[in-house]
Amino acid sequence: MALENLKIQGFRCLTNAELELDPARNLISGPNASGKTSLLEAVFFLSRARSFRTAYLEQLVQDGAGECVVVGRIRDVSRETSLGVRCSRSKTEARIGGEPVKSLADLAQALPVQVIDPGIHKLLEEGPARRRRFLDWGVFHMEPGFLEIWRRYQKALRQRNAALRQSGDRKTAKAWEIELVEAGNLIQEARERQIKALQPAVASCAEELLGASLELELRTGWGKDGSFQDALEKSWTRDRQYQATQVGPHRADLTIRFFGKGAKNRVSRGQQKMLASALLLGQLDVLKNALSTDQILLVDDPAAELDQAYLQRLMAAIQKRDLQLLITALGPEVTGLSGDFARFHVEQGKVSKVV
Ligand SMILES: Nc1ncnc2c1ncn2[C@@H]1O[C@H](COP(=O)(O)OP(=O)(O)O)[C@@H](O)[C@H]1O
Ligand SMILES: [Mg+2]
């Protein structure tokens, strides 16, 4: 599977762009603020109907335009499928094969996209939400029933939280706990399976990128001892005080140990970027092995924060993998990158093929 053709309209500084992409390697170069990140962001948007750099979708719509539209054609052996996402200031719509999608998650299934960008260190540095999202992304692809379970959990959690806010009555809140605990335990089990698959793959990527040992550990979100059910019981007074459920898989975290110690706040920015890339490439390897689905990797400005040695290693690791690569750089050369590329140049929001 590869993204063959990409059309972008009214997306940030890209007024109108069309690209015929190479199924393996694409290099997008251009000066600062020309629209390189926006181009990768458009591909990400086609897969996830959101952005990797902002939570505010309205920022994606070009100033003065009513909406932004990204359309892609993907090819899987001889089969072609079109994908389209449209976003105005009030709504987002997506289509696959011309039909409206039931769930935006269908896009990610059809076009799995991952990104290594200058913000990737946040995976280690920031709070647990990003790490949960990273982990759940893998589970979502590996286990088809996961999304449904996750939705069930979210619904029960919302209801229990509403009960905490409205009445603070133990009985009303408890009515939602059977569903909450059942779905919550299934989420935890699925995440445990995912960690088992990820651990060796990620460890080997960390070895490859940093010559370092890296271990993952899942924290449940309700402490080490006892069941989720018991933790809910114990947390009641606190839950009532905060008017929100304080324990559960929505509070889970992924601990990352680097040379046996917690990586957070210990390693340099460059190492954070390399460690986070090891997590991401490890996950790509797991998904590739398990599902044999092809994946797209977006790499934005890889040289940022990395010295030549790290950059060499990262580029070597990326190029070794069988994936569709879209990479940006200021100039036509990137340390460690070699071989043939489809080359594109971006200048003031205009994309052209370099021939
Ligand atoms: N909604 C928008 N409408 C118009 N221009 C935008 C919008 N959002 C961002 N831009 C502009 O797009 C330009 C290119 O951004 P970016 O893709 O990050 O460039 P690059 O990655 O090449 O440095 C910036 O100058 C920015 O001001
Ligand atoms: Mg950029």
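## Surroundings of ligand 1

Ligand 1 is surrounded by 15 residues, among which Ala 33, Gly 35, Lys 36, Thr 37 and Ser 38 come nearest. The model described here is predicted, and the contacts set out below are therefore to be read as features of that predicted model. Sorted by class, the shell around ligand 1 holds four nonpolar residues, seven polar ones and four charged ones.

## Polar contacts and cover

Two of the residues that come nearest to ligand 1, Ala 33 and Lys 36, also supply N or O atoms that face its oxygen atoms: a backbone N or O atom of Ala 33 lies 2.7 Å from an oxygen atom of ligand 1, while in Lys 36 an N or O atom of the side chain is 2.8 Å from an oxygen atom of the ligand. A nitrogen atom of ligand 1, for its part, is 3.2 Å from an N or O atom in the side chain of Arg 12. On its own ligand 1 has 580 Å² of accessible area, of which the protein covers 71%.

## The largest pocket

The largest pocket contains about 1,100 Å³ of space and has a lining of 38 residues, with Arg 48, Arg 50, Arg 133, Phe 134 and Trp 137 lying nearest its centre. By class, this lining is made up of 20 nonpolar, eight polar and 10 charged residues.

## Where the pocket lining comes from

Helix H4 (128–142) is one of the elements that each supply at least two residues of the lining, and its seven residues are the largest share. Other contributors of at least two residues include helix H1 (36–48), strand E8 (113–116), helix H5 (146–166), helix H7 (177–210) and helix H10 (269–291). At the level of domains, the lining of the largest pocket takes at least three residues from domain 1 (1–112 + 294–355) and at least three from domain 2 (119–292).

Key
Residues are numbered from 1 along each chain as its sequence is written. Chains are lettered from A and ligands numbered from 1 in the order in which they are written. This is a predicted model: local features need pLDDT of at least 70, side-chain atom pairs count only at pLDDT 80 or more; totals for chains, interfaces and linings use all residues. Side-chain values use heavy atoms; hydrogens and water are left out. A residue is near a molecule or strand if one of its heavy atoms lies within 4 Å of it. A polar contact is a pair of N or O atoms within 3.5 Å; within protein, one must be able to donate a hydrogen and the other to accept it, and residues adjacent in sequence count only if both atoms are side-chain atoms. Accessible areas come from the Shrake-Rupley method with a 1.4 Å probe; for residues, only the protein chains shown count as cover. Ala, Val, Leu, Ile, Met, Phe, Trp, Tyr, Cys and Pro count as nonpolar, Asp, Glu, Lys and Arg as charged, and the others, Gly among them, as polar. On a 1 Å grid over the protein atoms alone, a cavity is a set of points where a 1.4 Å probe fits but cannot get out, and a pocket is an open set with protein on both sides within 12 Å along at least five of seven lines; lining residues have an atom within 4 Å of a point. Grid points are joined across faces, edges and corners, and a volume is the space filled by probe spheres set on the points. Helices (H or I, at least four residues) and strands (E, at least two) are DSSP runs, numbered from the N terminus. Domain bounds come from an automatic or database domain assignment.
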